[in-house]
Structure formats: C-alpha cells, structure tokens
Amino acid sequence: MKVKKIIYCEKCSAEIAKRDDLIVTNKFLSIVPYHEKCFSRELTDVSTIFTGNNPLNGTMSNITAVLSIIIGIVFLFIQELRYISIVALLFLCIRFYSWFQ
C-alpha cells in the first residue's frame, strides 16, 4: 500500500490536495512547494528576489531538462568543455532532488 505524502504550501501553510495545484520552486538553496495562486502572489510580492521565477515542475523546466541532457552529454566528450557539462547536468540534479524530497 502506497502512503500519500502530505505537502503543505510555503506561503499559506495549507495542505496541497491536488497535484495540478502544486508548484515546486527554489528559495535560496532549498526546494519549496506552493499552491498555484500562492506562487503567483509570491512573484508579485517584494520577495521575488529570493524566489525562483521558474517552477521546477513546469513545461519550460521539462524543456530545459532535455536541453541539459543533450548539452551535458555532448560537452562531456569534448576535452576542453567537460566542466560545462557538469554545470549543465547540475540542473538535472536539482530536479531529481525536488522530486525525491
């Protein structure tokens, strides 16, 4: 039997019941969940300096993940650009961390 993990919104501290309402983003060095409405309000508040503008579970994030994989693998085989491949694959590590947190 799979146990459902309860996730609470960072802004309003209410439980996020629907998966469609969940937005995951980074705040400083931590990964935080928001309701979709709370995330849009957080972007308009003063604290936009501290909140990532792109959610980690959105369409643009999926496109960035695919591009990171392609760039990371291609640059891994070029001797002079190996360090750039590590930076490109770092985005994937952050995404996996948010998924398993």
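Analyst: Helices here are DSSP runs of H or I with at least four residues, and strands are runs of E with at least two, numbered from the N terminus. One example is α1, which spans residues 36-44 and holds Glu36. Please keep in mind that this is a predicted model.

User: Thanks! How many helices and strands does the chain have, and what pattern do they follow along the sequence?

Analyst: There are three helices and two strands. Reading along the sequence gives β-β-α-α-α.

User: How do I get a feel for the chain as a whole? What share of its residues counts as buried?

Analyst: Buried means under 20% relative accessible area. By that cut-off, 27% of the 101 residues are buried. You can also look at the surface: the chain exposes about 7,800 Å², with 67% of that supplied by carbon and sulfur atoms. As for contacts with a separation of 6 or more, 39% of them join residues 24 or more positions apart.

User: Let's go to one residue, then. Is Ser61 buried or exposed?

Analyst: Ser61, which belongs to helix α2, counts as buried because its relative accessibility is 6%, and the cut-off for buried is under 20%. Then look at what surrounds the residue. Beyond its neighbours within four places in sequence, Ser61 contacts Pro55, Leu56, Phe91 and Arg95. With Arg95 there is also a polar contact, side chain to side chain, at 2.7 Å.

User: And how should I read a residue in between? How accessible is Glu36, and which residues does Glu36 touch?

Analyst: Between buried and exposed comes partly exposed. Glu36 is in that class because its relative accessible area is 47%. Setting aside residues up to four places away in sequence, Glu36 touches Asp20, Asp21 and Ile23. Sequence distance and spatial distance are worth reading side by side: Glu36 and Asp20 are 16 residues apart in sequence, with their C-alpha atoms 8.4 Å apart.

User: Can we try that on another pair? How far apart are Cys93 and Ala65 in sequence and in space?

Analyst: Happily! Their separation is 28 residues in sequence and 10.0 Å in space, C-alpha to C-alpha. Cys93 sits in helix α3 and is partly exposed, at 48% relative accessible area.

User: Now a backbone feature. What is the phi of Ser13?

Analyst: First the general idea: most residues other than glycine have a negative phi. Ser13 has a phi near 60°, a positive value in a residue other than glycine. You will find Ser13 in the segment before β1. Ser13 counts as exposed because its relative accessibility is 54%, and exposed means over 50%.

User: Last topic: pockets. How much space lies in the largest pocket, and which residues lie nearest its centre?

Analyst: The largest pocket holds about 1,000 Å³ of space. Its lining has 27 residues, and those nearest the centre are Ile7, Arg19, Leu22, Ser98 and Trp99. The elements that each give two or more residues to this lining are β1 (22-27), β2 (30-35), α2 (59-76) and α3 (82-100).

User: Which element gives the largest share of that lining, and how do the lining residues divide by character?

Analyst: Helix α3 gives the largest share, with six residues. By character, the lining of the largest pocket has 17 nonpolar, four polar and six charged residues.

Definitions and conventions: Residues numbered from 1 in each chain as written. Predicted model: local features only at pLDDT ≥ 70, side-chain atom pairs only at ≥ 80, totals over all residues. Heavy atoms only, no water. 1 Å grid on protein atoms, 1.4 Å probe; cavity = no way out; pocket = protein on both sides within 12 Å on 5 of 7 lines; lining within 4 Å. Points joined across faces, edges and corners; volume = space filled by probe spheres on them. Nonpolar A, V, L, I, M, F, W, Y, C, P; charged D, E, K, R; others polar. Buried < 20%, exposed > 50% of the residue type's maximum accessible area, 1.4 Å probe, protein only. Polar contact = N/O pair within 3.5 Å; in protein donor to acceptor, adjacent residues only side chain to side chain. Contact = heavy atoms within 4.5 Å. Areas by Shrake-Rupley, 256 points an atom, 1.4 Å probe, with all protein chains shown as cover.
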